[in-house]
Amino acid sequence: MSEHDPITILERLAADRERNLGAEHPDALAARYNLANAYQAAGRSDDAIAIFEPLLATLERILGAEHVNTLRARGNLAGAYQAAGRAGDAIEILEQLLVDRDRVLGAEHPDTLAGRGNLANAYESVGRTPDAIAILEPLLADHERVLGPEHLNTLVTRGNLANAYQAAGRAADAIEIYEPLLDDHQRTVGTEHPNTLRTRNNLANAYLDAGRIDDAITILEPLVADRDRILGAEHPDTLASRGTLASAYQAAGRDEEASALYEPLLADLEKSAGGTEAADPGDDLWDDGD
């Protein structure tokens with residue numbers, strides 16, 4: 001890793017501040033916090049957890065359990081737990097954190113709204129889809145009222161609710177959200193934004209679930225080309241869309257076209273992901289970090 005790599009810089013900064021200012025100086029704590037967030041963003045969840053756990057204990061002792069920075073660190077630790085496959089630990093934190101944020105910050109504070117979305121995502125990750133929907137439906141109404149219908153967090157929540165509907169077997173309800181959501185993404189962030197590409201993919205999957213095979217193929221064919229061009233041929237999202245298109249061809253009885261996709265896809269999956277296709281992620285909202 002280069003000495004100019006952002007994580008290397010943050011590691012050096014955290015060590016320097018702890019040595020020069022002391023481990024509990026606010027600037028030293030902030031440096032550790034930022035380093036943990038950088039680890040999390042880089043997919044190094046275990047390294048993030050190794051910082052967040054003792055950092056949270058220190059913040060609770062110095063700032064108090066209800067300080068906004070302590071609450072935010074609890075949310076980030078929960079995010080790291082979920083990314084590390086410890087969804088149960090994440091849910092245990094997020095449920096109590098939501099109660100505390102609602103009481104300390106208020107029901108309409110951005111951190112409280114984000115925490116509701118994070119808890120819904122955690123519930124859905126362990127198959128508690130009805131619980132996720134029970135959070136997301138009123139959360140969407142609150143986001144639209146507090147933030148506005150075109151705010152990024154509102155759009156994300158609309159996508160999350162559509163994801164939950166689809167997971168619950170409610171493909172028609174998901175499509176009803178995805179179709180206008182795609183138009184809104186294209187208009188507000190552009191046709192090549194990751195959220196726009198993801199929504200196109202999610203809408204195609206919902207069409208497949210609803211038996212609208214031709215509609216799904218109409219989306220997937222240009223989407224595969226766009227993801228290949230924007231993200232690269234071996235990006236997990238590109239591979240996932242190629243696999244979905246192959247499945248759609250097969251469902252449409254276009255077996256030769258499906259085989260023409262499956263054979264190189266298998267080779268690419270083995271090369272890039274150890275033979276396991278990476279799932280195309282739905283929209284999510286882990287925004288507790290600074």
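Modeller: A word before we start: a residue counts as buried when its relative accessible area is under 20%, and as exposed when that area is over 50%. Please keep in mind that this is a predicted model.

Colleague: Thanks! Is Phe52 buried or exposed, and with what relative accessible area?

Modeller: The cut-off for buried is under 20% relative accessible area. Phe52 falls below that cut-off, so this residue is buried, and its relative accessible area is 0%.

Colleague: Which residue forms an aromatic pair with Phe52?

Modeller: A search of the whole structure turns up 1 aromatic pair. Its rings sit 6.1 Å apart, centre to centre, with 80° between the planes. Planes over 60 degrees apart count as edge-to-face, so the arrangement here is edge-to-face, and the partner of Phe52 is Tyr33.

Colleague: How many residues apart are Tyr33 and Phe52?

Modeller: Tyr33 belongs to helix α2 (residues 26-41), while Phe52 belongs to helix α3 (residues 45-62). The pair therefore links distant parts of the chain. Tyr33 is buried too, with a relative accessible area of 8%. Along the chain, the two partners are separated by 19 residues.

Colleague: Let's step back to the whole chain. How many helices and strands are there?

Modeller: Reading along the sequence, you meet the pattern α-α-α-α-α-α-α-α-α-α-α-α-α. The count for the protein chain is 13 helices and 0 strands.

Colleague: Why is the chain said to be as compact as a globular protein of that length, and what is its radius of gyration?

Modeller: For 290 residues, the globule rule gives 19 Å. The value for this chain is close to that, so the chain is as compact as a globular protein of that length. Its C-alpha trace spans about 65 × 45 × 35 Å along the principal axes. The radius of gyration is 21 Å.

Colleague: What percentage of the residues of the protein chain count as buried?

Modeller: The accessible surface comes to about 13,400 Å², and 50% of that belongs to carbon and sulfur atoms. Of the 290 residues, the buried share is 46%.

Colleague: And the charges: how far apart do the centres of the positive and negative sets lie?

Modeller: The chain carries 25 positive side chains and 52 negative ones. The distance between the centres of the two sets is 5 Å.

Colleague: One last residue: is Glu256 buried or exposed?

Modeller: Glu256 lies in helix α13 (residues 255-273). From Leu182 it is 74 residues away in sequence and 31 Å away in space, C-alpha to C-alpha. Its relative accessible area is 72%, and exposed means over 50%, so Glu256 is exposed.

How values were computed: Residues numbered from 1 in each chain as written. Predicted model: local features only at pLDDT ≥ 70, side-chain atom pairs only at ≥ 80, totals over all residues. Heavy atoms only, no water. Helix = DSSP H or I, 4+ residues; strand = E, 2+ residues; numbered from the N terminus. Rg over C-alpha atoms; globule rule 2.2 N^0.38 Å. Buried < 20%, exposed > 50% of the residue type's maximum accessible area, 1.4 Å probe, protein only. Areas by Shrake-Rupley, 256 points an atom, 1.4 Å probe, with all protein chains shown as cover. Lys, Arg positive; Asp, Glu negative; His and termini not counted. Charge placed at Lys NZ, Arg CZ, Asp CG, Glu CD. Phe/Tyr/Trp six-rings, centres within 6.5 Å; stacked < 30°, edge-to-face > 60°.
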